[in-house]
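Q: I would like to go through this model with you, piece by piece. Could we begin with the pairing inside the sheet?

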Amino acid sequence: MLCCNDKSKEEVIKVEINLKGFQTLISQLTTFEKMYEQVRIVDPIKKEVLFVKNKNQEELMPVLEACFGIWGKGTVCKNCISMRAYNENDTFIKIETSLDKIIMVTAIPVKIEDRMVVVELLKNVTKSMILGDRELTESLEIKRLLEQANVAAVTDELTQIYNKRYIIERLPVDMVKSHLENQPISVLMADIDHFKKVNDTYGHLAGDYILKEVAGILGKNTRQDVDWIARFGGEEFMVCLTNTDKEIAGAIADRMRKAIEDTVFSYNGEKIKLTSSFGLCTLTSEEMIDYETLIHRSDKKLYEAKKTGRNKVVG
């Protein structure tokens, strides 16, 4: 935890200026103080807690620590409620679990001094959770149910990889992390060539089967818990390769492309052969753009691959 005393004089002055704006915000939330155990102000992009006020605490305290540290999981939340509040500029409520508690989190986006942050109101509901007309007192059971619900919210139902919502919530975070750690990040956009022909020839159930199989091939060619893949929409997939430069990302994409081309997909006795096209964009640590621009650049390279013959990687 980093408090004001650890900062330089210039940084302290900056914190005090910001603190005044945050104090004004918190003063508007005094109605909730008796209802919530903790009020936090977080930056969901950098995953930082900026200020914290605990129940019965007189002052708002500046801190600098990972926002997900409170849950004791040591990793970024898959279904980040504050990121969703930030992106959609709306208030959302989520039930989360720590090591020994069940917490209700209310996330409220607020703009302070031209900076968008999220106010989190945290309430301990461990002893008062009711699901429908059944009271749940078994903490392990409710933790399991909540974890399943949080994972389902960012999972594509058909392919069981991440969905587009996860892209919107996770990609900006990985981009900032790569920039701060002086590492490259590469994004692949992949598309199954002539996928409409598969549906027209073999039926939509065959098409669904192909989508699941291709997702599996992409997953086998990425690093577990380091890279991630998501279904962008239709037959289009996105692959995020962290700390991966353009040359390595291109080799990974070509390995994926070749694996799809070499696979004979069997469905209801039919043998189906496919190809795929890839667009690649690598962002170096010196360049900082928004996630939409990164996706657009990758998608533009994918369009180029399809326009110039398909079954290739363009980066």
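Q: Which residue in E6 is the bridge partner of Arg40?
A: The bridge partner of Arg40 in E6 is Glu120. Please keep in mind that this is a predicted model.

Q: How many bridges join E1 to E6, and how do the two strands run?
A: Strand E1, residues 38-43, and strand E6, residues 115-124, are joined by five bridges. The two strands run antiparallel.

Q: In what order do the six strands of the open sheet come?
A: The order is E3-E2-E1-E6-E5-E4, with antiparallel pairing.

Q: Then which strands stand at the edges?
A: Those are E3 (61-66) and E4 (92-97). Each has a single partner strand, so one side of each is left without a neighbour in the sheet.

Q: And by how much are neighbouring strands turned against each other?
A: On average the turn between neighbouring strands of this sheet is 30°, with direction ignored.

Q: Which helix packs on the sheet, and what does it touch?
A: Helix H2, residues 81-88, packs there and touches E1, E4, E5 (102-112) and E6. The direction of H2 makes about 165° with that of E4.

Q: Changing topic to enclosed space: how many cavities of 30 Å³ or more are there?
A: The count comes to three. The largest cavity holds about 140 Å³ of space.

Q: Which residues lie nearest the centre of that largest cavity?
A: They are Trp71, Cys77, Cys80, Ile81 and Glu120, out of 15 lining residues. Glu120 is also the bridge partner of Arg40 mentioned above. As for elements, H2 and E4 are the ones that give two or more residues to this lining.

Q: What is the volume of the largest pocket?
A: The largest pocket has a volume of about 940 Å³. Its lining has 37 residues, and Tyr166, Arg170, Asp225, Val226 and Trp228 are the closest to the centre.

Q: Which element supplies the largest share of that lining?
A: Helix H4 does, with eight residues. The elements that each supply at least two residues include H4 (164-180), E10 (228-233) and the edge strand E3.

Q: Finally, the overall picture: how many helices and strands are there, and what share of the residues is buried?
A: The protein has eight helices and 15 strands. Buried residues make up 46% of its 315 residues. The exposed area is about 16900 Å², and carbon and sulfur atoms supply 50% of it.

Q: What about contacts between residues 24 or more positions apart?
A: They account for 59% of the contacts with a separation of 6 or more.

Definitions and conventions
Residues are numbered from 1 along each chain as its sequence is written. This is a predicted model: local features need pLDDT of at least 70, side-chain atom pairs count only at pLDDT 80 or more; totals for chains, interfaces and linings use all residues. Side-chain values use heavy atoms; hydrogens and water are left out. Helices (H or I, at least four residues) and strands (E, at least two) are DSSP runs, numbered from the N terminus. Buried means under 20% relative accessible area, exposed over 50%, partly exposed in between (1.4 Å probe, protein chains only). Contact means heavy atoms within 4.5 Å. Accessible areas come from the Shrake-Rupley method with a 1.4 Å probe; for residues, only the protein chains shown count as cover. Two strands pair if DSSP finds at least two bridges between them. Axes are lines fitted to C-alpha atoms, for helices over the stretch in contact, and angles run from 0 to 180 degrees between N-to-C directions. On a 1 Å grid over the protein atoms alone, a cavity is a set of points where a 1.4 Å probe fits but cannot get out, and a pocket is an open set with protein on both sides within 12 Å along at least five of seven lines; lining residues have an atom within 4 Å of a point. Grid points are joined across faces, edges and corners, and a volume is the space filled by probe spheres set on the points.
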